[in-house]
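User: Hello! I am new to this structure and would like to go through it with you. Could you show it to me before we start?

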Amino acid sequence: MIQASHLSKHYGDKIAVNDVSFTVRPGIVTGFLGPNGAGKSTTMRLILGLDAPSSGTVTVNGKPFAQHRRPLHEVGALLEARAIHTGRSARNHLRAMAATTGIARSRVEDVIDMVGLHDVAGKRVGAFSLGMGQRLGIASALLADPQTLILDEPVNGLDPDGVRWIRNLLKQLAAEGRTVFLSSHLMSEMAVTADHVIVVGQGTLLRDQSMAEFIAAASSAAVFVRSPQLPELVGELQRRGGVVEDVSRDGVRVRQLTSDDIGTFAAQASITLYELSPEEASLEEAYMALTESSLDYRSIDGRIPAGAASGTATEEGTAA
Ligand SMILES: Nc1ncnc2c1ncn2[C@@H]1O[C@H](COP(=O)(O)OP(=O)(O)OP(=O)(O)O)[C@@H](O)[C@H]1O
């Protein structure tokens, strides 16, 4: 469990994190969302004791990270943009980490297998692709079998196979009762990975709620219906209090009635339905609606300038 309480971080007069309080619970995947510069990486660094808060506190399993006797057994982390320029092989890199943290050598082979690096474990890390580097970073994070995982943009640089692999891995780790906290700009992926979302904008907490609640709040509460008996259906639904919009040859959008109501009323009037779809916003739509006003890097024509694009280009992932 990660608990932030009135956490703030200032760099000179720049407020990176502004009085943020939240709890990241075990057993689920929690997504950390926000525009570029919103304070996500800073918050993660504060959790890991890599930076000191200006005020407030943040604890992992009840204590500040640095006060744990064996911190790497408590928290595994993958942070962005710190390349490992080493002539060592992946296996030797992990063995060196294991030796300095009192972890059995056999565990190194376990994590190599777990992250799918078996075929390249003898290869020099400096020659790794971005995706291989990310897998090595994840292996490093998992090495001490920690209860809590903090991952900054873990899917960065992974191919579709790698993205699916990490999604399943994170869900499995959460199902084992671990705390999993990850940031990503890839909304479609976050939507299918995270159960809960914490959204920040310009350093402040904008939302802390379940994925389902976050999406439902942005959804229109309309239902799209298709029927070969559209005129009869429209008449029936209006009689029952439905507000009917966008009638076309394809179908109709209905408000003020639920999909259950519409299905029941259509059946009672012996009207055939071909489709009955509650209209739900995507995570991207929900996120954009919330953060539109807090984008730091909007240029005048609305494009994100080069260098501020989502997903930070890292050469290789690494573990804290
Ligand atoms: N060491 C630092 N010195 C000065 N300002 C900093 C420092 N670290 C971060 N900042 C500033 O704090 C703000 C938050 O940055 P942070 O990297 O935490 O955002 P982020 O949400 O992780 O962004 P991204 O999605 O681009 O990774 C930014 O305005 C950034 O420029």
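User: At what angle do helix H3 and helix H4 pack?

Analyst: Two notes before we begin: residues are numbered from 1 along each chain as its sequence is written. This is a predicted model, where local features need pLDDT of at least 70, side-chain atom pairs count only at pLDDT 80 or more, and totals for chains, interfaces and linings use all residues. Helices (H or I, at least four residues) and strands (E, at least two) are DSSP runs, numbered from the N terminus; axes are lines fitted to C-alpha atoms, for helices over the stretch in contact, and angles run from 0 to 180 degrees between N-to-C directions. H3 (residues 90-100) and H4 (residues 105-114) have axes 9 Å apart, and the packing angle is about 135 degrees.

User: Is H3 parallel, antiparallel, perpendicular or oblique to H4?

Analyst: Angles under 35 degrees count as roughly parallel, over 145 as roughly antiparallel, 65 to 115 as roughly perpendicular and the rest as oblique. The angle here is about 135 degrees, and that makes H3, relative to H4, oblique.

User: How do helix H8 and helix H11 lie to each other?

Analyst: H8 (residues 211-218) and H11 (residues 283-291) have axes that come within 9 Å. These axes cross at roughly 70 degrees. Therefore H8 and H11 are roughly perpendicular.

User: Which residues of H11 does H8 meet?

Analyst: Residues are in contact if their C-beta atoms, placed from the backbone, lie within 7 Å. From H8 come Phe-214, Ile-215 and Ala-218. Their counterparts in H11 are Leu-283, Glu-285, Ala-286 and Ala-289.

User: Which strands are at the edges of the open sheet of three strands?

Analyst: Two strands pair if DSSP finds at least two bridges between them. The order is E2-E1-E4, with antiparallel pairing. Pairing on one side only marks the edge strands, E2 and E4 (55-60).

User: What is the bridge partner of Gln-3 in E4?

Analyst: Strand E1 (residues 2-11) and E4 pair in the antiparallel sense over five bridges. For Gln-3, the partner in E4 is Thr-59.

User: Which element gives the most to the shell around the ligand?

Analyst: A residue is near a molecule or strand if its C-beta atom, placed from the backbone, lies within 6 Å of it. Twelve residues surround the ligand, with Tyr-11, Ala-16, Asn-36, Ser-41 and Thr-42 the closest. Strand E2 (14-24) and helix H1 (40-47) each supply at least two residues of this shell. The biggest share, three residues, is given by H1.

Key. Two residues are in contact if their C-beta atoms, placed from the backbone, lie within 7 Å.
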